[in-house]
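Reader: I am new to reading structures, and I would like to understand how the words used for them are justified. Could you take me through a few of them?

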Amino acid sequence: MNIVIIGGSRGIGRAAAVELAKDGHRLLLVGRNPESLEKAKAGLPDSTETFTADITDAAAIDQLAAYCEERFAPDGLILNAAAFANHATGRSVLQPTPDELGAILDANVVAHYRIVRRLFPLLQKSGRGRIVLIGSTAGIRQDKGGIYGISKWALRSFAYNLREEAKAYGVGVSLVNPGGTFTERRQKQSADDKHLLETSDLGIVIATVFRLSPQAVIEQLDIRPLTGDTY
Ligand SMILES: NC(=O)c1ccc[n+]([C@@H]2O[C@H](COP(=O)([O-])OP(=O)(O)OC[C@H]3O[C@@H](n4cnc5c(N)ncnc54)[C@H](OP(=O)(O)O)[C@@H]3O)[C@@H](O)[C@H]2O)c1
């Protein structure tokens, strides 16, 4: 399959690329930083392509759609990129400004909505289209999510509504909600630190969506560290 990974240059998106490549899929990695994208290609098959785009820029999404129309007819779309709340006020919904809320909704919801609208006709053509949205356990919990949590709740609603509508066109929609995961932002304290998920755990879960029979869809999968959320 041809699979577009929005936010494929590091973290969970890169881990998904590693697992999907093992299954022989052809990948298009999307991110803002061309050097990171180039670095991310190391160790992946030569067929891996990259596309530099800031998904909060509608014109960049149009360019991505044009690229896909011409060169990369997608069967799969992984919506993984996200903006995160300011660390100091991250758990609050009283301290961040409305503009901060607007920016996080723009990146985590509106941008993905726009991408789906632009790429859906191509996914429909595939005949076995799949969309995977990466949410968060902050999009399930009712506390301490802050404005990031608001955006992930909205994304979850988008995923449910999209699944219902997309199935008539043969496109399956999966929502994966990770708990805390070791990434560049969340480093290990020691080699045997196990309080967060590994990015490879998420890579395996995401790749599994594409391993099932065409008539099967993982609707929602919540995955947390064994010891639970860290907040
Ligand atoms: N890590 C966790 O603990 C955790 C927990 C729960 C849920 N999640 C969710 O998992 C997903 C991935 O998280 P992560 O921790 O792996 O993130 P990350 O390490 O920050 O990676 C984010 C990826 O998205 C790209 N990106 C970010 N903003 C973008 C934009 N505006 N346009 C295009 N690309 C953009 C980044 O590349 P550039 O910066 O070069 O653009 C990078 O490839 C997110 O949806 C996040 O909410 C993560």
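Author: The turns below take some descriptive terms one by one and set each against its definition. Please keep in mind throughout that this is a predicted model.

Reader: Why are helices α4 and α5 called roughly parallel to each other?

Author: The axes of helix α4, residues 98-126, and helix α5, residues 146-166, cross at roughly 20 degrees. Angles under 35 degrees count as roughly parallel, and α4 and α5 are therefore described in that way. Their axes also come within 8 Å, and the crossing is right-handed.

Reader: Which residues make the contact between α4 and α5, and what makes some of them nonpolar, polar or charged?

Author: Among them are Leu-101, Asn-108 and Phe-120 of α4, together with Ile-147, Lys-152 and Leu-162 of α5. The residues of this contact divide into 15 nonpolar, three polar and two charged. Leu, Ile and Phe count as nonpolar, and Lys counts as charged.

Reader: How do you know that Lys-152 has a polar contact with the ligand?

Author: A polar side-chain atom of Lys-152 lies 2.9 Å from an oxygen atom of the ligand, and the cut-off for a pair of N or O atoms is 3.5 Å, so the pair qualifies as a polar contact. By that cut-off, the side chain of Arg-10, with an N or O atom 3.1 Å from a ligand oxygen, qualifies as well.

Reader: Where is Glu-69 placed, and which residues beyond its sequence neighbours is it in contact with?

Author: Glu-69 is in helix α3, residues 58-71. Leaving aside neighbours within four places in sequence, Glu-69 is in contact with Arg-118 and Leu-122, where contact means heavy atoms within 4.5 Å.

Conventions:
Residues numbered from 1 in each chain as written. Predicted model: local features only at pLDDT ≥ 70, side-chain atom pairs only at ≥ 80, totals over all residues. Heavy atoms only, no water. Axes fitted to C-alpha atoms, helices over the stretch in contact; angles between N-to-C directions. Helix = DSSP H or I, 4+ residues; strand = E, 2+ residues; numbered from the N terminus. Parallel < 35°, antiparallel > 145°, perpendicular 65-115°, else oblique. Left-handed = near helix turned anticlockwise from the far one by under 90°. Polar contact = N/O pair within 3.5 Å; in protein donor to acceptor, adjacent residues only side chain to side chain.
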